[in-house]
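Here is a short report on one protein model. It starts with a single loop residue, moves to the whole chain, and ends with two serines.

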Amino acid sequence: MTNKRIYLDYNATTPCDPRVIDTMLPFFYEHPGNAASRNHPFGWEAEDAVTTAREHIADLINVETKEIIFTSGATESDNLALRGVFEMYRRKGKHIITVATEHKAVLDTCKYLEKHGGEITYLEVDKEGLINLEALKNAIREDTILVSIMWANNETGVLQPMKEIGEICQEKGVLFFSDATQVVGKIPVAPKDLGIHLMAFTAHKMYGPKGVGALYVSRKSPRVKVTEQMSGGGHENGMRSGTLNVPGIVGFGAAAAIAKSEMEAETLRLKGLRNKLEEALLKQVEASSVNGSKEDRMPHVSNISFQYVDSEGLLMTFNQNIAVSTGSACTSASLDPSHVLTGMGIEDGLAKSSIRFSLGRFTTEEEIETTIKAVITGVQQLRDLSPVWELHKDGLI
Ligand SMILES: *Cc1c(COP(=O)(O)O)cnc(C)c1O
C-alpha cells in the first residue's frame, strides 16, 4: 500500500491496519500459547488475549461474548450456519429460504444441501436489488427452518430490509441467519435488535487479517445450536473444534475496537468520496448508470455500468495502477455475467459493462480524482474503437 498504486477493491479484501498488525505480532513468538492449555501461563496469556478480542467483537455487534464462535472466515461461518442448522433442526423441517443474489458461499452451500435432502427457495430481487417482503412471507412453509439473507450485497452494496425480515421470521417462528460480512465494522450492526439469530462475518473485510472469522449464534430467546462441522476437541461450545488462531483472533479484536471508535467519521468521509466519484462519472461519461438502490446502500460502494463498454477491456486500460473489480473476487475467474446483476434484471450485455468501486480506510481524495480521469479516458478509448457505440450514437440501437 506504500506505492503509487490505487486500491479500490475493499469489498474483496482490506489491507490489515498497521495498528492491528502491532497487536498481533507478540502472539507469534513471545506469547505462543494454546488458548486451550489450562496448566501454564503460556496458555493463560493466550486465553486472556482471546477473551479480550472476543469482548471487542461482541461489543461491536452488541451481543454476549459466549455468542461469538470463531471460525476461519465468512465462508466457513456461512457453511456452519446453513449446514449446522440444517442438521440440528432436521426433525423440524428441511426447507430453507435464501435469495438469488447471495454470495457463493451461501448459494453453493444451499446447492450442497439440496443434494442432501434439503429444499431451498431462492427469492428474486427487484431492479434495485431488494427482496419483496410479501414474497418472503408467502415462501415460509410449515417445514421452513431457516431464512438466510445477506445484510449488504458485496457487488452492489445494496442493504436488505433486515428489520422487516426479522419481524416476519419472528412472527412465523423461523430462524433468521444473515451473512453480514460486508456491514460489520462499517455501519452500526446489532443483530439482537433486528431478530437475527445467526450472523456470519470475517476479519479481512474490516482491516483485520485473513483466515479468521466469526459466527454469532444466539444463546437466549431463542437458544440456537448448530451441529459442528469439524469434530475434534469441542472448542467454541462444541460448535467449532480446532486450536484457536490466537494471533488472528487478537487482530480481529483490535480491528473491531478500531472500527467501533472510527466508524462514524469514516462513514461520512467515505460517503463523500464515493459520491464524488459517482457523480463525476455519471456526469462526464455518457450512457452510464448506477446498479442497485441508491438509497439503501453502503456508503463506500458504487457499481456502475458503462453501456457498450466491455468491463474487462476497460479494466485493462488502467489496472496496472488502479484496482477495481468486475463482479466479485470469488466469481471474477468466470466469464459469465455477474449473477447479482442479472438477478436484478440487468441484461447480460449491460452486466458485462459494469465495474464495482469499493473504497476504504486508506482511500484518499487524490486517488479518487486520478481514478475519475482514468475511467473517463478508458471508456473514451474503447468507445472510439467500437462500431456498436457508433450505431448507438447514430440512434440505430
Ligand atoms: C468476502 C465474503 C465472504 C467470504 O469471506 P471469507 O472470509 O473470505 O471466507 C462471504 N460473504 C460475503 C458477503 C463476502 O463479501
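## A loop proline

Pro188 sits in the loop that runs between strand 6 (175-179) and strand 7 (198-202). The model is predicted. Is Pro188 buried or exposed? Its relative accessible area is 69%, over the 50% cut-off, so Pro188 is exposed. Ala259 is 71 residues away from Pro188 along the chain, yet the two C-alpha atoms are separated by 10.0 Å.

## The whole chain

The protein has 13 helices and twelve strands. Its radius of gyration is 22 Å, close to the 21 Å given by the globule rule for 397 residues, so the protein is as compact as a globular protein of that length. Along the principal axes, the C-alpha atoms fill a box of roughly 75 × 55 × 35 Å.

Of the 397 residues, 55% count as buried. Take the contacts between residues at least 6 apart in sequence: 74% of them join residues at least 24 apart. The accessible surface comes to about 17,700 Å². Carbon and sulfur atoms account for 52% of that surface. The protein carries 42 positive and 52 negative charges, and their mean positions are 3 Å apart.

## Two serines

Ser311 lies in helix 9 (residues 311-316). Ser354 lies in strand 12 (residues 354-358). Ser311 has a relative accessible area of 5%, so Ser311 is buried. Ser354 has a relative accessible area of 3%, so Ser354 is buried.

Which polar contacts do the side chains of these serines make? The table lists them by partner.

| Side chain | Partner | Distance |
|---|---|---|
| Ser311 | backbone oxygen of Lys352 | 2.8 Å |
| Ser354 | side chain of Ser305 | 2.7 Å |
| Ser354 | backbone oxygen of Leu350 | 3.0 Å |

Now the wider surroundings, leaving aside residues up to four places away in sequence. Ser311 is in contact with Thr326, Lys352, Ser353, Ser354 and Ile355. Ser354 touches Asn291, Asn303, Ile304, Ser305, Ser311, Ser325, Thr326 and Leu341. The two serines therefore touch each other, as Ser354 is listed for Ser311. Thr326 is in contact with Ser311 and also with Ser354. Lys352 appears twice for Ser311: as a contact and as the residue whose backbone oxygen the Ser311 side chain reaches. Likewise, Ser305 touches Ser354 and joins it through a side-chain polar contact.

Terms used: Residues numbered from 1 in each chain as written. Predicted model: local features only at pLDDT ≥ 70, side-chain atom pairs only at ≥ 80, totals over all residues. Heavy atoms only, no water. Helix = DSSP H or I, 4+ residues; strand = E, 2+ residues; numbered from the N terminus. Buried < 20%, exposed > 50% of the residue type's maximum accessible area, 1.4 Å probe, protein only. Polar contact = N/O pair within 3.5 Å; in protein donor to acceptor, adjacent residues only side chain to side chain. Contact = heavy atoms within 4.5 Å. Rg over C-alpha atoms; globule rule 2.2 N^0.38 Å. Areas by Shrake-Rupley, 256 points an atom, 1.4 Å probe, with all protein chains shown as cover. Lys, Arg positive; Asp, Glu negative; His and termini not counted. Charge placed at Lys NZ, Arg CZ, Asp CG, Glu CD.
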